[in-house]
Amino acid sequence: LEKVLGAWMGSLVSLSAALLVAVLGFLLVTASSLRVEERQYTRSFLLVVSASMAFVHGANDIASSAGPLAVLYSALLGEPLESSELELPPVLLLTTSAALSAGIVMWGVRVAETIGAGITPLTPETGFVSMLGASVTMGLIVRLGVPSSTTLAVVGAVAGVGLARGVEYLNSRSLARISSMWIIGFPATLSLSALLTWLAKSLAA
């Protein structure tokens, strides 16, 4: 329970930190009065921080998927391991990476549209700041070894740049819908997992 609450708190910390970094970053960018040539550099930097965000995304989400899978894999081999002894075979990392990539291609378009345009209008500058805020925040959290939500950090960072521009730039309806899914999602998945575990134990008895 302590680790579950720690993961949940990690997600809240990632949201708050990404929001703060994004607001401060946007204020610095807007205060610099970028010229046209500087905007070109911003677009290049946006590609770099987006790649950095993808790297951190993989470090967090692939590990989150591969961890439980590694335990099952070891059990199938007849070598159950404690979590402190857990090793991640390369084949499992490649499998979860491929599944993550397939999920993005097949089902990720609507999520990308919501984050890219459904929360606040983004420019190259605000996109750069939001990705910077999210990647720095998640990078620190991943290095601490605390599982968190990458999407939560990205949404917090995007909302942060919108908030820095003004509340009128935020899509409150979209944010309310996203927030409600976060509030419902954690207890819902916890309850479903507990129910399925109970059913499995009952059938095995």
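The following paragraphs describe a predicted model of a protein, from its overall fold to selected residues.

The protein contains 7 helices and 0 strands, and its elements follow the pattern α-α-α-α-α-α-α along the sequence. Of its 205 residues, 27% are buried. The accessible surface amounts to about 13100 Å², and carbon and sulfur atoms account for 71% of that area. When contacts between residues at least 6 apart in sequence are considered, 80% of them join residues at least 24 apart.

The interior may be approached through the largest nonpolar core, which comprises 19 residues. Helix H2 (36-76), helix H5 (124-143), helix H6 (150-165) and helix H7 (172-204) each contribute at least two residues to this core. The most is given by H6, with 7 residues. Met53, Ile119, Ala134, Val154 and Val155 have the most contacts inside the core. For Met53, leaving aside residues up to four places away in sequence, the residues touched are Met131, Ala134, Ser135, Met138, Thr150 and Val154.

Leu94 offers a view of the exterior. This residue is located in helix H3, which spans residues 90-107. Leu94 is classed as exposed because its relative accessibility is 63%, and the cut-off for that class is over 50%. Ala66 is separated from Leu94 by 28 residues in sequence, and their C-alpha atoms are 9.4 Å apart in space.

Aromatic rings remain to be considered. The count of aromatic pairs is 0. A ring does, however, take part in an arrangement with a charged residue: Arg165 lies over the face of Tyr169, at 4.3 Å from the ring centre.

Key. Residues are numbered from 1 along each chain as its sequence is written. This is a predicted model: local features need pLDDT of at least 70, side-chain atom pairs count only at pLDDT 80 or more; totals for chains, interfaces and linings use all residues. Side-chain values use heavy atoms; hydrogens and water are left out. Helices (H or I, at least four residues) and strands (E, at least two) are DSSP runs, numbered from the N terminus. Buried means under 20% relative accessible area, exposed over 50%, partly exposed in between (1.4 Å probe, protein chains only). A nonpolar core is a set of buried Ala, Val, Leu, Ile, Met, Phe, Trp, Tyr and Cys residues joined through side-chain atoms within 4.5 Å. Contact means heavy atoms within 4.5 Å. Rings of Phe, Tyr and Trp (its six-membered ring) pair if their centres lie within 6.5 Å; planes under 30 degrees apart count as stacked, over 60 as edge-to-face and the rest as tilted. A charge sits over a ring if NZ of Lys or CZ of Arg is within 6 Å of the ring centre and within 35 degrees of the ring normal. Accessible areas come from the Shrake-Rupley method with a 1.4 Å probe; for residues, only the protein chains shown count as cover.
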